[in-house]
Amino acid sequence: MIVIISNKVSEERINEIVQHIEKNGVQAHVSKGVDRTVVGIIGNADPKLSEQLRQLTGVEQVVKISKSYKLASRDFHPDDTIIKIKDVEIGGEQLIIMGGPCAVETAEQIDEIARLVKAAGAQVLRGGAFKPRTGPYSFQGVGVEGLVMMAEAGKKHGLLTITEVMTPEYVDVCAEYADILQVGTRNMQNFDLLRKLGTIKTPVLLKRGFSSTYDEFLNAAEYILAGGNPNVMLCERGIRTFESYTRNTLDLAAIPALQTLSHLPVISDPSHGTGRRELVEPMCKASVAAGANGLIVEMHTDPDNSMTGDGVQSLFPEQFAKLMVDLEKLAPLCGRRFDTKKEEFAV
Ligand code: PEP
Ligand code: MN
């Protein structure tokens, strides 16, 4: 249930209404907009409560919400969530670009890629230190050492960092080194991991499970939000369909659909969404046109020798830089600001 209160009433009155709600043993989540304050109620409310609230001065409307997720829904939180990390704002007008290799391999590799990512004008360096591999014999990542290498590269080149965390036990150490924690597609419903991420405030990029519905995806986000971490962004990374030409099918409609259903920022991952280098650039542009708040793109200086199989979907540095030049032109047409500084590009 949500309670809509006009902002014409005093702050004191709004607090009284909130207190009245809380006296009923339920949680009240307050979201202040320009004209209205929306109070989302979570818990088993007495059926009489909605009628009581309707009678209170200042209450404009009481609406029953039938969706299973609440905090992630736009009904509960009509304004877009903006996640601020240093001078970067994710979820607002700024178009966010996260670029880098699938996996951190060596200190030299991540340092050089960070330099190129920064020079091209992106804000965030991506790279996995812990890799969720389909097969147990494949390269599993360099582990904690990789976190250190990435943090150093990010610091040196003035980039935020994002890395994947796979188990609750590693959340704290990953959060110590990275600015954003990624939950991979295979872990979208790892509820213990989601619960643990709810206990910290580090922003989380939650990838959609490759066979999950929007409803399941938003319920996974709800686990993190319900734990007390409001800094969640959603990532469309492609789903499994009958098509085998592409690795996954990037669900472009998910971008505006999720933005309608939820207030959380939506990031698109055309690298995993297609699995083919030549499709990454057009799908990045299509994602921006569809309203994405940002992109996460794999780029490697030597994709043929990448230690994960994701070299085939990694852009060469020149392609990444060219994409950024094009996005700078496209972003304003799609209501986004591209305001990072590109340096003279030298490969
Ligand atoms: C990745 O980002 O490298 C990755 C493994 O992503 P996903 O979980 O979407 O497959
Ligand atoms: Mn990858």
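# Notebook: a predicted model with two ligands

I began with helix α10, which spans residues 277-289 and contains Pro 282. The model I am reading is predicted. I looked up the accessibility of Pro 282 and found 35%, so this residue counts as partly exposed. I then compared its position with that of Leu 323: the two are 41 residues apart in sequence, and their C-alpha atoms are 9.2 Å apart in space.

**Entry on the annotated domain**

I consulted the UniProt record next. An unreviewed entry there lists residues 81-329 as "domain: DAHP synthetase I/KDSA". For this stretch I noted 38% helix and 16% strand. The C-alpha atoms at its two ends are 25 Å apart.

**Entry on the manganese ion**

Which residues coordinate the manganese ion, ligand 2? I recorded four donors: Cys 102 through SG, His 272 through NE2, Glu 298 through OE and Asp 310 through OD. The distances run from 2.0 to 2.4 Å. Along the sequence, the donor residues follow the spacing C-x169-H-x25-E-x11-D. I then placed two of these donors, Glu 298 and Asp 310, which link distant parts of the chain. Glu 298 belongs to strand β14 (residues 294-298), while Asp 310 sits 12 residues away in the loop between β14 and α11 (317-333). I checked their accessibility as well, and both Glu 298 and Asp 310 are buried.

**Entry on ligand 1**

I listed the surroundings of ligand 1. The shell consists of Cys 102, Arg 126, Lys 131, Gln 182, Gly 184, Thr 185, Arg 186, Lys 207, Arg 237, His 272 and Glu 298. By class, I noted six charged residues, four polar and one nonpolar. Cys 102, His 272 and Glu 298 are in this shell, and they are also among the donors to the manganese ion.

I looked up three distances from oxygen atoms of ligand 1 to side-chain N or O atoms. For Gln 182 the value is 2.9 Å. For Arg 186 I noted 3.2 Å, and for Glu 298 the value is 3.3 Å. How much of the 300 Å² that ligand 1 exposes when taken alone does the protein bury? The figure I wrote down is 98%.

**Entry on the loop after strand β14**

I returned to the loop between β14 and α11, where His 300 is also placed. His 300 has a relative accessible area of 3%, and therefore it is buried. I compared His 300 with Gly 311: they are 11 residues apart in sequence, with a C-alpha to C-alpha distance of 7.2 Å.

**Entry on helix α4 and the loop that follows**

Helix α4 covers residues 144-157, and I found His 157 within it. Is His 157 buried or exposed? Its relative accessibility is 15%, and the limit for a buried residue is under 20%, so His 157 counts as buried. The side chain of His 157 makes a polar contact of 3.0 Å with the side chain of Asp 111.

I moved on to Leu 159, in the loop between α4 and β9 (160-164). With a relative accessible area of 6%, Leu 159 is buried. I also looked up its separation from Arg 276: 117 residues in sequence and 26 Å in space, from C-alpha to C-alpha.

**Entry on helix α8**

Gln 259 is part of helix α8, residues 254-261. Its relative accessible area is 17%, so I entered Gln 259 as buried. I noted one polar contact here, of 3.1 Å, between the side chains of Gln 259 and Asn 293.

**Entry on Lys 86**

Where does Lys 86 lie? I located Lys 86 in the loop between β5 (83-85) and β6 (88-90). Its phi angle is near 50 degrees, which is a positive value in a residue other than glycine. Lys 86 has a relative accessibility of 68% and therefore counts as exposed.

**Entry on helix α1**

My last entry concerns Glu 11, in helix α1 (residues 11-22). At 47% relative accessibility, I classed Glu 11 as partly exposed. Between Glu 11 and Gln 61 there are 18 Å in space, C-alpha to C-alpha, and the two are 50 residues apart in sequence.

Methods: Residues are numbered from 1 along each chain as its sequence is written. Chains are lettered from A and ligands numbered from 1 in the order in which they are written. This is a predicted model: local features need pLDDT of at least 70, side-chain atom pairs count only at pLDDT 80 or more; totals for chains, interfaces and linings use all residues. Side-chain values use heavy atoms; hydrogens and water are left out. A residue is near a molecule or strand if one of its heavy atoms lies within 4 Å of it. A polar contact is a pair of N or O atoms within 3.5 Å; within protein, one must be able to donate a hydrogen and the other to accept it, and residues adjacent in sequence count only if both atoms are side-chain atoms. Accessible areas come from the Shrake-Rupley method with a 1.4 Å probe; for residues, only the protein chains shown count as cover. Ala, Val, Leu, Ile, Met, Phe, Trp, Tyr, Cys and Pro count as nonpolar, Asp, Glu, Lys and Arg as charged, and the others, Gly among them, as polar. UniProt positions are given in the numbering used here, feature names are shortened, and annotations may be inferred rather than shown by experiment. Helices (H or I, at least four residues) and strands (E, at least two) are DSSP runs, numbered from the N terminus. Buried means under 20% relative accessible area, exposed over 50%, partly exposed in between (1.4 Å probe, protein chains only). Donors are N, O and S atoms within 2.8 Å of the metal (3.2 Å for Na, K and Ca); water is not among the atoms, so sites may look incomplete.
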